[in-house]
Amino acid sequence: MKKKYTLFTVAALSLFALGACSTTTPTKKETSNSATKASSTTEAATNTEYKVGDTIVFKDVAEITITNVAWTDERNSASDIVANKVLLVTYNLTNLTDDYVVGEDIDLYVNNKSTESYPVGTILETIAAGRSIEGATAAFAVNEDGTAELEVEPGFQINSKLKPAVVSIELPK
């Protein structure tokens, strides 16, 4: 029994060490008006500014495109989260890895302060390898005006070394 436990521990530590050694920097997928021209990727996220509509490629993990950012009047009466306004972020995601859990991919920062997720219109769903989802949503409680950024990073991944991509957004009026 002790031998099996030791073997399992060594295997688990080896997998963890291999995952911790790699990092993935997101890139921006360029789109083209020509249907015959293939999509390409550009410099790493550190040299790229993202905006709503850009496809962010996390190599061998996922492609995420923020498609819309809008206020919603929907509220969750069961929630004790204080929200002067609720921002609903809509996005598309293509899974480039094994099963992928959609729903923990985006965080909102206003004036460099983290906001709370708000429980309306959000999803938590698993999609298989090679599959995609359109119109996934995430909602956030916003209690102040100012500069806003979305941090996009594949959630629930074993490889925690993924670098988040930052999408600057204009808060809707």
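Leaving aside its neighbours within four places in sequence, which residues is Thr115 in contact with? I put this to the model, which is a predicted one, and found Leu108, Val110, Phe140 and Ala141.

**Entry 1: Thr115**

I next looked up where Thr115 sits. Thr115 belongs to the loop between strand 8 (113–114) and strand 9 (116–117). I then checked its exposure: the relative accessible area of Thr115 is 18%, and because the limit for a buried residue is under 20%, Thr115 counts as buried. I also looked for a polar partner of its side chain. A polar atom of the Thr115 side chain lies 2.9 Å from the backbone oxygen of Leu108. I note that Leu108 is also among the residues in contact with Thr115.

**Entry 2: the sheet with strands 7 and 8**

I turned to the strand that precedes this loop, strand 8. I found strand 8 in an open sheet of four strands, in the order 8-7-12-13, with antiparallel pairing. The edge strands are strand 8 and strand 13 (165–169), each of which pairs on one side only. I looked up the pairing of strand 8 with strand 7 and recorded two bridges in the antiparallel sense. For a residue opposite Ser114 of strand 8, I noted Tyr109.

**Entry 3: the second largest pocket**

I examined the second largest pocket and recorded a volume of about 180 Å³. Its lining has 13 residues, and those closest to its centre are Gly103, Glu104, Ser117, Thr122 and Ala138. I then asked which elements give two or more residues to this lining. They are strand 7 (106–110) and strand 11. Strand 11 gives the most, with three residues. By class, I recorded seven nonpolar, three polar and three charged residues in the lining.

**Entry 4: Ala136 in strand 11**

I followed strand 11 to one of its residues. Ala136 lies in this strand, which spans residues 132–142. Is Ala136 buried or exposed? Ala136 counts as buried because its relative accessibility is 1%, where under 20% is required. Not counting residues up to four places away in sequence, I found that Ala136 touches Val89, Thr90, Tyr91, Val102 and Ile123. I also looked up the separation of Ala136 from Gly121, which is 15 residues apart from it along the chain. Their C-alpha atoms are separated by 8.8 Å.

Key. Residues numbered from 1 in each chain as written. Predicted model: local features only at pLDDT ≥ 70, side-chain atom pairs only at ≥ 80, totals over all residues. Heavy atoms only, no water. Buried < 20%, exposed > 50% of the residue type's maximum accessible area, 1.4 Å probe, protein only. Contact = heavy atoms within 4.5 Å. Polar contact = N/O pair within 3.5 Å; in protein donor to acceptor, adjacent residues only side chain to side chain. 1 Å grid on protein atoms, 1.4 Å probe; cavity = no way out; pocket = protein on both sides within 12 Å on 5 of 7 lines; lining within 4 Å. Points joined across faces, edges and corners; volume = space filled by probe spheres on them. Nonpolar A, V, L, I, M, F, W, Y, C, P; charged D, E, K, R; others polar. Pairing = 2+ DSSP bridges.
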